[in-house]
Amino acid sequence: MLQSLVSWWVAVLSRWCRAYPQTARRHRGSGVGVCVVGGVLVWHGVGWAQQRALAPGDLRVRWHTAQVSAEVPRIQGQLTIFTAASLTEAFKDLGANIEQANPGTKVIFNFAGSPTLRTQLAQGARADVFASADEPNMQGAQKEGAIASEPRIFVRNWLVAIVPAANSAQVIRLQDLAKSGVKLVLTNKEVPVGNYARQALAKMSQDAAFGLEFATRVLANLVSEEANVKQVVAKVQLGEAHAGIVYASDVTPTVRGAVQMLAIPDPCNVIAHYPIAVVRDAPNAAGARAFIDYVLSPAGQAILTKHGFLAVEPPPRAN
């Protein structure tokens, strides 16, 4: 490319000199200068273009963008997804990607507690995909005949305790959840995160750092049982409760400034496994299968981990 441009520049100057010999003689010095400047400009222009074209960072970004775009599935029509409330932000991102890549396609979400979604499906609600925050509710939906495909675990989550930023009750460490006068909110125990929270409290009671009566004392402070985890977050965020136990992924950037997190030790924590499946008689079964493949793809897993989830564990290798 460089050689071609230089040749072109020389040819242009030669023709100009032949056409206007007297002018060329009068401006011989400046003509040389023009030639030199033109050559330098051509050289630097081509060099810059080559450098820009070959920059490794640019190539990596372009490759990554093309790879992610290629992984967004082709889905037509309307896709209705019943999904646990804790997946709200992550699934909205996934849905936006699908709609952008497939003009005219509409992704509709029904976010609620997993048992609420399961009940709606059992009562005949139409949907294409069911994503639960626990395996028991998915298994219950299977027994009730609401599920068409074999469920697949697509992401994981874990628990944290949260307190308002002002922290008027001075809940500084997990042991303070048992203090008299602390107002605790959880979801009800049928909702996965509420069940997991009670399991975690039971584990803490087996730890000498908390004491055998810890779970009993903490649950004595329970002032409200919510229908889903987002309601727990909202009550703590607004200062209507002194503490709550939620998923780590629920402490989103919009929430982070309004709450403080208290980490639950790994031995006492509970890892949630989220299953997903195609709903029986799904109006858009092909789109449902494509969506499930998307959340399990590297692009889908990247979006989920960006929102604070743990990527699904890879299957064990066959011997």
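1. Let me start with Ser 249, which is buried, with a relative accessible area of 3%. Keep in mind while reading that this is a predicted model. Ser 249 sits in the loop that runs between strand S8 (243-247) and helix H11 (253-256). Its side chain has a partner: there is a polar contact with the side chain of Asn 157, at 2.8 Å. Setting aside residues up to four places away in sequence, Ser 249 also touches Ser 86, His 307, Gly 308 and Phe 309, along with Asn 157 itself. Two of those names, Gly 308 and Phe 309, come back further down.

2. Now the overall picture. The protein chain folds into 13 helices and eleven strands. It has 319 residues, and 42% of them count as buried. Looking at contacts with a separation of 6 or more, 77% are between residues 24 or more positions apart. The accessible surface of the chain is about 17000 Å², and carbon and sulfur atoms hold 56% of that.

3. On to the aromatics. The whole structure has nine aromatic pairs. Take Phe 91 and Phe 154: their ring centres are 5.9 Å apart and the planes make 40 degrees, so this pair is tilted. Phe 91 belongs to helix H5 (residues 88-101) and Phe 154 to strand S4 (residues 152-157), so the pair links parts 63 residues apart in sequence. Neither ring's residue shows any surface: Phe 91 is at 0% relative accessibility, and Phe 154 has a relative accessible area of 0%.

4. A second pair worth clicking on is Tyr 274 with Phe 309. Here the ring centres are 5.8 Å apart and the planes are at 90 degrees, so the pair counts as edge-to-face. Tyr 274 comes from strand S10 (residues 272-278), while Phe 309 is in the loop between helix H13 (298-306) and strand S11 (310-311), so the pair ties together parts that are 35 residues apart in sequence. Both Tyr 274 and Phe 309 are buried.

5. Which residues form one aromatic cluster? The members are Phe 91, Phe 109, Phe 111, Phe 154, Tyr 196, Tyr 247, Tyr 274, Phe 291 and Phe 309. That list takes in both pairs described above. And since Phe 309 is also touched by Ser 249, you can step from point 1 straight into the cluster.

6. Helix H5, home of Phe 91, deserves a look along its length. It has 14 residues and spans 20 Å from first C-alpha to last, close to the 20 Å expected at 1.5 Å a residue. Its buried residues are Thr 88, Ala 90, Phe 91, Leu 94, Gly 95 and Ile 98. Viewed down the axis of H5, they fall within an arc of 165 degrees, so they line one face of the helix.

7. Helix H7 (residues 135-143) has Asn 137, Met 138, Gly 140 and Ala 141 buried. Those residues fall within an arc of 160 degrees when seen down the axis, so they too line one face. Turned away from that buried side are the exposed residues Pro 136 and Lys 143. The cover over the buried residues of H7 includes helix H6 (114-122), strand S3 (129-131), helix H8 (192-205) and S10. After the helix comes Gly 145, with a positive phi near 80 degrees.

8. Asn 137, in helix H7, is a polar residue worth checking: is it buried or exposed? At 5% relative accessibility, Asn 137 counts as buried. Beyond its neighbours up to four places away in sequence, Asn 137 touches Ser 114, Pro 115, Arg 118, Phe 130, Ser 132, Glu 190 and Pro 192.

9. Pro 192 can be read from its own side. This residue lies in helix H8 and is buried, with a relative accessible area of 2%. Leaving aside neighbours within four places in sequence, Pro 192 is in contact with Ser 114, Pro 115, Ala 133, Asp 134, Asn 137 and Tyr 247. The C-alpha atoms of Pro 192 and His 273 are 10.0 Å apart, with the two positions 81 residues apart in sequence terms.

10. Last, helix H13. Its buried residues are Ala 299, Gly 300, Gln 301, Ile 303 and Leu 304. Just after H13, Gly 308 takes a positive phi of about 95 degrees. Gly 308 is one of the residues touched by Ser 249, which brings the tour back to where it began.

Notes
Residues are numbered from 1 along each chain as its sequence is written. This is a predicted model: local features need pLDDT of at least 70, side-chain atom pairs count only at pLDDT 80 or more; totals for chains, interfaces and linings use all residues. Side-chain values use heavy atoms; hydrogens and water are left out. Helices (H or I, at least four residues) and strands (E, at least two) are DSSP runs, numbered from the N terminus. Buried means under 20% relative accessible area, exposed over 50%, partly exposed in between (1.4 Å probe, protein chains only). Contact means heavy atoms within 4.5 Å. Accessible areas come from the Shrake-Rupley method with a 1.4 Å probe; for residues, only the protein chains shown count as cover. Rings of Phe, Tyr and Trp (its six-membered ring) pair if their centres lie within 6.5 Å; planes under 30 degrees apart count as stacked, over 60 as edge-to-face and the rest as tilted. A polar contact is a pair of N or O atoms within 3.5 Å; within protein, one must be able to donate a hydrogen and the other to accept it, and residues adjacent in sequence count only if both atoms are side-chain atoms. The arc is that of the directions from the helix axis to the C-beta atoms. The expected span of a helix is 1.5 Å times one less than its number of residues.
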